[in-house]
Amino acid sequence: MAEENGKGVDLKAGFLQVYSRLKSELLEDPAFSSTDDSRQWIDRMLDYNVPGGKLNRGMSVVDSYKILTGGQLSSDEFFHACVLGWCVEWLQAYFLVLDDIMDGSHTRRGQLCWYKVPEVGLIAANDGILLRNHIPRILIRHFRDKTYYTQLLDLFNEVEFQTASGQMLDLITTHEGEKDLSKYKMPVYNRIVQYKTAYYSFYLPVACALLMAGENLENYFDVKNILVEMGTYFQVQDDFLDCFGDPEFIGKIGTDIEDFKCSWLVVQALEKATHGQLSILSESYGKSDPAHVMRVKTLYKDLNLQEVFLEYEKSSYEHLISSIEAQPSKKVQEVLKSFLHKIYKRQK
């Protein structure tokens, strides 16, 4: 491998090199005597689903570890941090493949959802299971001799359970056919977001870096809470941008209103609406007709939800900064601030 210790080497290029190596290892996994057909299937399935996103979650393992260790990474340290980053990306791919089937989605990351690819169909469900099973195989190959190996396994198992539980909450709350807005309350919203998104997107990458740096996660309960709060803030931004963001800029057309999503905006609207406005919401929310979507968006503007969001963003940021600055470790503060500054006032 090239010198991957951060001396001028592009992080993303080095990170992608590690993906290629991990994929090669899985294609030659001795636990399964692959045929040419099965090897080609896995090769294509991995390339289609694992490296296609922004890779922020995975690369933040490397960034966080670098901050915690306070210097340049050796080739070996860089490699191992990248491997853990890819395990986070594999976990995400597993969830997204199955999530798209459950939601009946059509596109993901600018291409057809994997199960929508003609020759794939519901084979995608088994591919999701394979993606999940690749994670322990990667971990045992590269981390079995590390003192923190069992903690890594526990961490991935715990976060997987939390995320799947969040997905269940989301599915039973937004149950198709029972469009019941009375369920959409802020404690319900916060719980869905915390479990479905915040643990794996924000806590997991930092927890991986802390374990690599020799830390005990039990000593970082406050850090976990801060990261979960940050993940909630991130999702509120996402919900806001889905409605008010520029599709040209954010790269997608939002469909939360049509999809009857338990969005932060609709929860706020339900709290603030008059009796007449509640009637508009119950008539129009969850309808794909553009006239109904526009009625909901107009209602959001009438309720001044753009200002409500800006106030929420400001108070969240201030609370997060004060919580971060209360942390005893300056390096941990730096990791948390680097996460926060990547997402604060983002436009996409």
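Helix 7 (residues 186-212) and helix 8 (residues 221-244) cross at roughly 120°, and their axes come within 7 Å. The crossing of helix 7 and helix 8 is right-handed. Keep in mind that you're looking at a predicted model. Below is a quick tour of helix contacts, empty spaces and an aromatic pair.

**Helices side by side**

- Two packed helices are described by the angle between their axes and the distance between the axes.
- In the crossing of helix 7 and helix 8, helix 7 brings Tyr189, Asn190, Val193, Gln194, Thr197, Ala198, Tyr199, Phe202, Tyr203 and Val206 to the contact.
- Helix 8 answers with Val223, Lys224, Leu227, Val228, Met230, Gly231, Thr232, Phe234, Gln235, Val236 and Asp239.
- Sort the residues of the contact between helix 7 and helix 8 by class and you get 13 nonpolar, six polar and two charged.
- Further along, helix 10 (residues 264-272) and helix 11 (residues 275-284) cross at roughly 145°, with axes that come within 9 Å.
- Val266, Ala269, Leu270 and Lys272 of helix 10 meet Gln277, Leu278 and Leu281 of helix 11 there.
- The contact of helix 10 with helix 11 has five nonpolar residues, one polar and one charged.

**An open pocket**

- The second largest pocket holds about 340 Å³ of space.
- It takes 17 residues to line this second largest pocket, and the closest to its centre are Leu26, Phe32, Ile42, Leu130 and His134.
- Helix 1 (11-27), helix 2 (36-49) and helix 5 (123-143) each chip in at least two residues of the lining of the second largest pocket.
- Helix 5 gives the most to that lining, with seven residues.
- By class, the lining of the second largest pocket is made up of eight nonpolar, five polar and four charged residues.

**Closed cavities**

- Rolling a probe the size of a water molecule over the atoms shows where empty space is left.
- Across the whole structure, a search turns up two cavities of 30 Å³ or more.
- The largest cavity has about 110 Å³ of space.
- Its lining has 13 residues, and Asn49, Val97, Asp100, Arg108 and Trp114 are the closest to the centre of the largest cavity.
- Helix 2, helix 4 (75-103) and strand 2 (111-112) each put at least two residues into the lining of the largest cavity.
- Helix 4 has the largest share of that lining, at four residues.
- Eight nonpolar, two polar and three charged residues make up the lining of the largest cavity.
- The second largest cavity comes in at about 40 Å³.
- Around the second largest cavity you'll find Asp239, Asp242, Cys243, Asp256, Ile257, Ser263, Leu265, Tyr285 and Tyr300.
- Helix 8 gives the most to the lining of the second largest cavity, with three residues.
- Asp239 shows up twice on this tour: it is part of the contact that helix 8 makes with helix 7, and it also lines the second largest cavity.
- The lining of the second largest cavity splits into five nonpolar residues, one polar and three charged.

**Aromatic rings**

- A pair of aromatic rings is described by the distance of the centres and the angle of the planes.
- The count of aromatic pairs comes to 20.
- One of them is the stacked pair of Phe240 and Phe309, at 4.0 Å centre to centre with 10° between the planes.
- Phe240 sits in helix 8 and Phe309 in helix 13 (residues 305-325), so this pair ties together parts that are 69 residues apart in sequence.

Methods:
Residues are numbered from 1 along each chain as its sequence is written. This is a predicted model: local features need pLDDT of at least 70, side-chain atom pairs count only at pLDDT 80 or more; totals for chains, interfaces and linings use all residues. Side-chain values use heavy atoms; hydrogens and water are left out. Axes are lines fitted to C-alpha atoms, for helices over the stretch in contact, and angles run from 0 to 180 degrees between N-to-C directions. A crossing is left-handed if the near helix is turned anticlockwise from the far one by less than a right angle, and right-handed if clockwise. Contact means heavy atoms within 4.5 Å. Ala, Val, Leu, Ile, Met, Phe, Trp, Tyr, Cys and Pro count as nonpolar, Asp, Glu, Lys and Arg as charged, and the others, Gly among them, as polar. On a 1 Å grid over the protein atoms alone, a cavity is a set of points where a 1.4 Å probe fits but cannot get out, and a pocket is an open set with protein on both sides within 12 Å along at least five of seven lines; lining residues have an atom within 4 Å of a point. Grid points are joined across faces, edges and corners, and a volume is the space filled by probe spheres set on the points. Rings of Phe, Tyr and Trp (its six-membered ring) pair if their centres lie within 6.5 Å; planes under 30 degrees apart count as stacked, over 60 as edge-to-face and the rest as tilted.
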